[in-house]
Amino acid sequence: TDVATTGTAMVSATMGTRTSTGSVTVSTGADHLVINEVDYDNVGTDSAEFIEIFNPSPATQSLAGKSVMLVNGADSTVYATIDLSSAGSLPSHGYLVIAGANVTVNAPAVKIDPGWSSNEIQNGPPDGIALVDTTGPTLIDALSYEGSITMAQLTGFASPVSLVEGTPLASTVADSNTTDGSLCRSPNGQDTDDANTDWKFCTTPSAGTANP
C-alpha cells in the first residue's frame, strides 16, 4: 500500500476451550486529502517546481471546491490560488500534481498546470501552503516551511489560521538550490498533525508517485 502507516497484527480470542486467531489490518493514515510533497527550490532556476496532493483514505475524494493557496510569510497573505475542481475527484491512494510544463507526471497520477513557468512557489523563510475546501471554508491540510506562519489570512476565512501542525518543521528541513530534492511526507502519506514528525527532505523528487 502507498500509506506507510498501515499495519497488520494477529489477534486471538478465547472462549472456554476454543481459541480463534485472525489478522487485522489497521490504517492510521488520514481520512482526508494531504499536501504530500513540495519542490519549491530547484538547483539553478526554479523551473521544475511542483506541489503534490495525495489521497491516503480508502475512498474517492471529490475535488469540487478544493483549492491550494500559497501564502507569503512576509505578510501572511495569499499570493496565488490554484483551483483543483477541474480534476473532478481523486481516487483512493491517488496523486494530483500541480506543476508547469517542465515537470512530467505519469498516469494514473493527474496533473494540473496553472501556466507555471518559473519562480512560482516562494522559497521562504517562511512561506506556506494551505489545502482548502472553499465551500466551508475549511482548512484541510497545511504546511509552513522554513519558519512558522501562525496567522495566515486565507481568502474567504473570517479569521487568521495557523499553517503549523503540532511541532513546527525544523529549520534544517528545507529545500535547497544547491542539492536536488523536495520536502515530502515520510512515510508516504503520513499525517500525525505534527509537521516535524511527518516531513523530511527527500533527495529524490517523486511527483505523482510514492515518496521514498
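**Exercise 1. Find which residues the disulfide joins, and state where they lie.**

Step 1. In this predicted model, a disulfide joins Cys 184 to Cys 202, with an S to S distance of 1.8 Å. A disulfide here is a pair of cysteine sulfur atoms within 2.5 Å. A search of the whole structure finds one disulfide.

Step 2. Cys 184 lies in strand S13 (residues 182–185) and Cys 202 in strand S14 (residues 199–202), so the pair ties together parts that are 18 residues apart in sequence. Helices (H or I, at least four residues) and strands (E, at least two) are DSSP runs, numbered from the N terminus.

Step 3. Cys 184 and Cys 202 are both buried. Buried means under 20% relative accessible area, exposed over 50%, and partly exposed in between, with a 1.4 Å probe and protein chains only.

**Exercise 2. State how the model was treated and where its confidence is low.**

Step 1. Residues are numbered from 1 along each chain as its sequence is written, and side-chain values use heavy atoms, with hydrogens and water left out. The model is predicted: local features need pLDDT of at least 70, side-chain atom pairs count only at pLDDT 80 or more, and totals for chains, interfaces and linings use all residues.

Step 2. The chain has a mean pLDDT of 90, and 86% of its residues reach 70 or more. pLDDT is the predictor's confidence in each residue, from 0 to 100.

Step 3. Over residues 1–9 the pLDDT is below 50, and this stretch has 32 contacts in the model beyond near neighbours in sequence. Residues 23–28 also have pLDDT below 50, with 17 contacts beyond near neighbours in sequence. Contact means heavy atoms within 4.5 Å. Where pLDDT is low, the predicted coordinates should not be read in detail.

**Exercise 3. Follow the pairing of strand S4 (50–54) and say how its faces are covered.**

Step 1. The chain contains one helix and 14 strands. Two strands pair if DSSP finds at least two bridges between them.

Step 2. S3 and S4 pair in the antiparallel sense over five bridges, and five bridges also join S4 to S9, again antiparallel. The bridge partner of Glu 37 in S4 is Glu 52, while the partner of Phe 50 in S9 is Ala 99.

Step 3. S3 also pairs with S13, in the antiparallel sense over two bridges. Here Glu 37 stands opposite Cys 184, one of the two disulfide residues.

Step 4. On one side of S4, Phe 50, Glu 52 and Phe 54 are buried, and on the other side Ile 51 and Ile 53 are buried. In S3, six of six residues are buried.

**Exercise 4. Describe the largest nonpolar core and two of the residues in that region.**

Step 1. The largest nonpolar core has 28 residues, and those with the most contacts inside it are Ile 51, Ile 53, Val 68, Leu 84 and Leu 183. A nonpolar core is a set of buried Ala, Val, Leu, Ile, Met, Phe, Trp, Tyr and Cys residues joined through side-chain atoms within 4.5 Å.

Step 2. Strands that each supply at least two residues of this core include S3 (34–39), S6 (66–72) and S12 (138–145). S12 gives the largest share, three residues.

Step 3. Val 68 touches, among others, Ile 51, Ile 53, Leu 84 and Ile 129.

Step 4. Ile 129 lies in strand S11 and counts as buried, at 0% relative accessibility. Ile 129 and Met 69 are 60 residues apart in sequence and 5.8 Å apart in space, C-alpha to C-alpha.

**Exercise 5. Locate the cis peptide bonds and the positive phi values in the loops.**

Step 1. Most residues other than glycine have a negative phi, and most peptide bonds are trans.

Step 2. A cis peptide bond joins Gly 124 and Pro 125, with omega about -5°. Pro 125 sits in the loop between strand S10 (110–112) and S11. Another cis peptide bond joins Gly 136 and Pro 137, with omega about -10°, and Pro 137 is in the loop between S11 and S12.

Step 3. Ser 76 has a positive phi of about 65° although it is not a glycine. Ser 76 lies in the loop between S6 and strand S7 (77–83) and is buried, with a relative accessible area of 15%.

Step 4. Asp 193 has a positive phi near 65° and lies in the loop between S13 and helix H1 (195–198). At 46% relative accessibility, Asp 193 counts as partly exposed.

Notes:
Lists of a residue's contacts leave out its neighbours within four places in sequence.
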